Every structure is written in C-alpha cells, then in structure tokens.
Amino acid sequence: MGKNKPQHPTDAYRKEQKKKELKRNKQQRALVKEVEDIKKEPEMALEKIKELEEKERMHGQTERSKARKAELQLLYKGLMKKQKREQEEQERLRLIEADRQKKLYEQHQQQQQQQQPDYYEPQFPGDTTAAAQSFPPPGNIPPP
C-alpha cells in the first residue's frame, strides 16, 4: 500500500497551496496572540522592540523589521495613552463618588439638625405661634 503513488499535477498544486495557506494562518494566529498578550501587558512590547533592535544590530535593518518595530511602538504608545485615560477616568469617578458621599453626609446632617432643635421653645399664655395654636385654649375647662 504505497504512498509513493504519483499525484495528478492539479492535486499536487492544491496540496502545496493548502500547505502555504496553513503556514500563513499559523503566522497570523501567532501575531494576533502576540498582540493580545501585549494588550494585557504593555511592557512586553518594549521587550519585543529591544529584541528587534538587537537583531538589527547583529544582522542589519530590513524593511520587515523596520515595519514591525514601528507597529510595536505605535501599539505601545496607544496602550499607554489608553492606560492613562483609564487612570484619569478612575480618578474622576473616585472624586465624583467622594463628592456625592460628602453631599449625602451634609444632607443627612441638615436633616438631623432640622429634626432636633437646638433649644426648647417654652409655651406662654397668649402665644399665637403654630405650636401654641395646636393646643385648645383653656377657657372651657372647669376649675378644680
């Protein structure tokens, strides 16, 4: 059961193209995975840039390495800007929350002060304030 059976030229060509496509897909997946890893840890981009610079010193700069380096630098700068924006947003939200808590505390303190007066208002005969009017006048009560 030999595998050395000659292939039709078209089948051989398709097989070769399939191998090339699989290789390209593998490289693409590796790049996508690398970018995702860099997004999680931006310092990794700096490491990759240093590796590229080291290779360039050893073997010289190529268009491909130059483009890759520029891509990594752009990605790193973008991630740093994003991190900075996120930190500023978190700080802004923290300040807003602190301000909201302060206002709620002040409102609560105000309500407490309104509910409990600082002093007692004595009721005098003939007083026409709202507190005095809440009680009936003593005119209809027989003396003891």
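## Charges on a helical chain

E97 is partly exposed, with a relative accessible area of 35%. That value, like every other one here, is computed from a predicted model. The exercises below start with this residue and then move along the chain.

### Exercise 1: A pair within helix 3

Task: find which residue shares a salt bridge with E97, and work out how the two are placed along the helix.

Solution.
- Step 1. Look at the side chains. E97 meets R100 in a salt bridge, with 2.8 Å from N to O. The cut-off for such a pair is 4 Å, so this one qualifies.
- Step 2. Place the two in sequence. Both belong to helix 3, and because they are three residues apart, about one helical turn separates R100 from E97.
- Step 3. Check the cover. R100 has a relative accessible area of 43%, so R100 counts as partly exposed, and E97 at 35% is partly exposed too.

### Exercise 2: A pair within helix 2

Task: state whether R57 is buried or exposed, and name the residue that R57 meets in a salt bridge.

Solution.
- Step 1. R57 has 61% relative accessibility and therefore counts as exposed.
- Step 2. The side chain of R57 meets that of E54 in a salt bridge, 3.0 Å from N to O.
- Step 3. Both residues sit in helix 2, three residues apart, which is about one turn of the helix.
- Step 4. E54, at 36% relative accessibility, counts as partly exposed.

### Exercise 3: A pair between helices

Task: determine which helices are tied together by the salt bridge of R68 and E34.

Solution.
- Step 1. Begin with the general idea: side chains of opposite charge can pair when their charged atoms come close.
- Step 2. The side chains of R68 and E34 do meet in a salt bridge, at 2.7 Å from N to O.
- Step 3. R68 belongs to helix 3 and E34 to helix 1, so the pair ties together parts 34 residues apart in sequence.
- Step 4. Now the cover. Buried means under 20% relative accessible area. R68, at 16%, therefore counts as buried, and E34, at 16%, counts as buried as well.
- Step 5. Look around E34. Leaving out residues up to four places away in sequence, E34 touches K48 and R68.
- Step 6. Widen the view. E34, K48, R68 and E71 are linked in a network of salt bridges. The total for the model is 13 salt bridges.

### Exercise 4: A buried lysine

Task: decide whether K69 is buried or exposed, and list what K69 touches beyond its neighbours in sequence.

Solution.
- Step 1. K69 is part of helix 3, which covers residues 63-115.
- Step 2. K69 has 18% relative accessibility, so K69 counts as buried.
- Step 3. Setting aside residues up to four places away in sequence, the contacts of K69 are I49, L52, E53 and E56.

### Exercise 5: Two charged patches

Task: locate the patch of positive charge and the patch of negative charge on the surface.

Solution.
- Step 1. The positive patch gathers K39, K77, K81, K82 and R85. Helix 3 supplies its largest share, four residues.
- Step 2. Take K81 as one of its members. K81 lies in helix 3 and is exposed, with a relative accessible area of 55%.
- Step 3. The negative patch brings together E41, E43, E47 and E51.
- Step 4. Among them, E41 sits in the loop between helix 1 (9-40) and helix 2 (43-59). At 45% relative accessibility, E41 counts as partly exposed.

### Exercise 6: The whole chain

Task: describe the chain by its elements, its buried share and its contacts.

Solution.
- Step 1. Count the elements: the protein chain has four helices and zero strands. From the N terminus on, their order is α-α-α-α.
- Step 2. Turn to burial. The chain has 144 residues, and 10% of them count as buried.
- Step 3. Add the surface. The accessible surface comes to about 13,800 Å², and 54% of this belongs to carbon and sulfur atoms.
- Step 4. Finish with the contacts that have a separation of 6 or more: residues 24 or more positions apart account for 48% of these. R68 and E34, from Exercise 3, are an example of residues 34 apart in sequence.

Key. Residues are numbered from 1 along each chain as its sequence is written. This is a predicted model: local features need pLDDT of at least 70, side-chain atom pairs count only at pLDDT 80 or more; totals for chains, interfaces and linings use all residues. Side-chain values use heavy atoms; hydrogens and water are left out. Patches are made of residues with over 30% relative accessible area and no salt bridge: like charges are joined within 9 Å, nonpolar side chains (Val, Leu, Ile, Met, Phe, Trp, Tyr) within 5 Å. Accessible areas come from the Shrake-Rupley method with a 1.4 Å probe; for residues, only the protein chains shown count as cover. Lys and Arg count as positive and Asp and Glu as negative; His and the chain ends are not counted. The place of a charge is taken as NZ of Lys, CZ of Arg, CG of Asp or CD of Glu. Buried means under 20% relative accessible area, exposed over 50%, partly exposed in between (1.4 Å probe, protein chains only). Contact means heavy atoms within 4.5 Å.
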